[in-house]
Amino acid sequence: MKKILFFILLAVSFSFYAQKDSLNLGDSYADDQIYVSISYSQLNDQPSLISKSSFSYSLSGGFIKDFILNKQGNISFAAGIGYGYDFFNHKLKVEEQNGTTTFSSDNTINSNFYKSHNIEFPIEFRWRTSTANEYSFWRVYTGVKFLYNISNSFQFEDSNSNKFIYKNVSAYDSLQYGLTLSAGYDEFNINIFYGLSSIFKDAQINNENINTKILKFGLIFYFL
């Protein structure tokens, strides 16, 4: 399966390079791309009892299709699909018993991790300084990204070194979304994701609503 996927991506790459090489200045073109990003991540809007998360990171990659909106080709709309992985070193204690998720604060635990695997659906409005045969250019892409969770797990270790793992907890919101911004030159671009939806549904800790959201900032690389 991996070999088949590799050859498909290779064929797509050659086809796009061949298309670009045949273009002349003023021709219509699209900037279809494969993207890869790495980000430093934080859990935002945490409950008052919970401190900020420690070092955490996110990885993502996928393909995005470009739809030109003007004759010059420097303004476009884009939509794509990809995969994202999140790893959070956080402070909120999450447990699942009999289909019910409970939340608490426990300063005695030694480690506390949260991992998620998501299908990404980015939608962007794009501005750039490219032309049909100019591949190095300035860009500003802004939009919204929807995340559909396919797997999540919460793991912590207590003071006696006992490990507890809870997978696909019921309070986790499988559909999330946030605003995105990518800006830079050529393949080197900064990338920001500002989550607008909480990662939990109808969650509380000590009668306080848990509205935890995800904030990411890092680098995104575009290929093709």
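**Close-up 1. The largest cavity holds about 190 Å³ of space.** This view comes from a predicted model, and a search of the whole structure finds 3 cavities of 30 Å³ or more. The largest one is lined by 20 residues, and those closest to its centre are Ser 37, Ser 60, Lys 145, Asn 191 and Ile 220. Strands β1 (33–44), β2 (57–68), β6, β9 (175–185), β10 (188–195) and β13 each give two or more residues to this lining. If you want one strand to start from, pick β2, which gives the most, with 4 residues. By residue type, the lining of the largest cavity is made up of 8 nonpolar, 7 polar and 5 charged residues.

**Close-up 2. Phe 87 and Phe 113 form one of the aromatic pairs.** The structure holds 18 such pairs. Here the ring centres of Phe 87 and Phe 113 are 5.2 Å apart and the planes meet at 35°, so this pair counts as tilted. The two partners come from distant parts of the chain, 26 residues apart: Phe 87 belongs to strand β3 (residues 75–89) and Phe 113 to strand β6 (residues 111–128). Take a look at how each ring is covered, too. Phe 87 has a relative accessible area of 15%, so Phe 87 is buried; Phe 113, at 25% relative accessibility, counts as partly exposed.

**Close-up 3. Tyr 141 and Tyr 222 pair edge-to-face.** Their rings lie 5.5 Å apart, centre to centre, with 70° between the planes. Tyr 141 sits in strand β7 (residues 138–157) and Tyr 222 in strand β13 (residues 213–223), so the pair ties together parts of the chain that are 81 residues apart in sequence. Both Tyr 141 and Tyr 222 are buried. Tyr 141 has a further neighbour to look for in this view: Arg 126 lies over the face of the Tyr 141 ring, at 4.1 Å from the ring centre.

**Close-up 4. The charged end of Lys 216 sits over the ring of Phe 193.** The distance from this charged end to the centre of the Phe 193 ring is 5.3 Å. You may like to set this view beside the one before, where Arg 126 lies over the face of Tyr 141.

**Close-up 5. Ring pairs build a cluster of aromatic residues.** The members linked in this way are Phe 88, Phe 103, Tyr 114, Phe 154, Tyr 172 and Phe 200. To find your way around, begin at any of these rings and follow the pairs that link the cluster.

Key:
Residues are numbered from 1 along each chain as its sequence is written. This is a predicted model: local features need pLDDT of at least 70, side-chain atom pairs count only at pLDDT 80 or more; totals for chains, interfaces and linings use all residues. Side-chain values use heavy atoms; hydrogens and water are left out. Rings of Phe, Tyr and Trp (its six-membered ring) pair if their centres lie within 6.5 Å; planes under 30 degrees apart count as stacked, over 60 as edge-to-face and the rest as tilted. Buried means under 20% relative accessible area, exposed over 50%, partly exposed in between (1.4 Å probe, protein chains only). A charge sits over a ring if NZ of Lys or CZ of Arg is within 6 Å of the ring centre and within 35 degrees of the ring normal. On a 1 Å grid over the protein atoms alone, a cavity is a set of points where a 1.4 Å probe fits but cannot get out, and a pocket is an open set with protein on both sides within 12 Å along at least five of seven lines; lining residues have an atom within 4 Å of a point. Grid points are joined across faces, edges and corners, and a volume is the space filled by probe spheres set on the points. Ala, Val, Leu, Ile, Met, Phe, Trp, Tyr, Cys and Pro count as nonpolar, Asp, Glu, Lys and Arg as charged, and the others, Gly among them, as polar.
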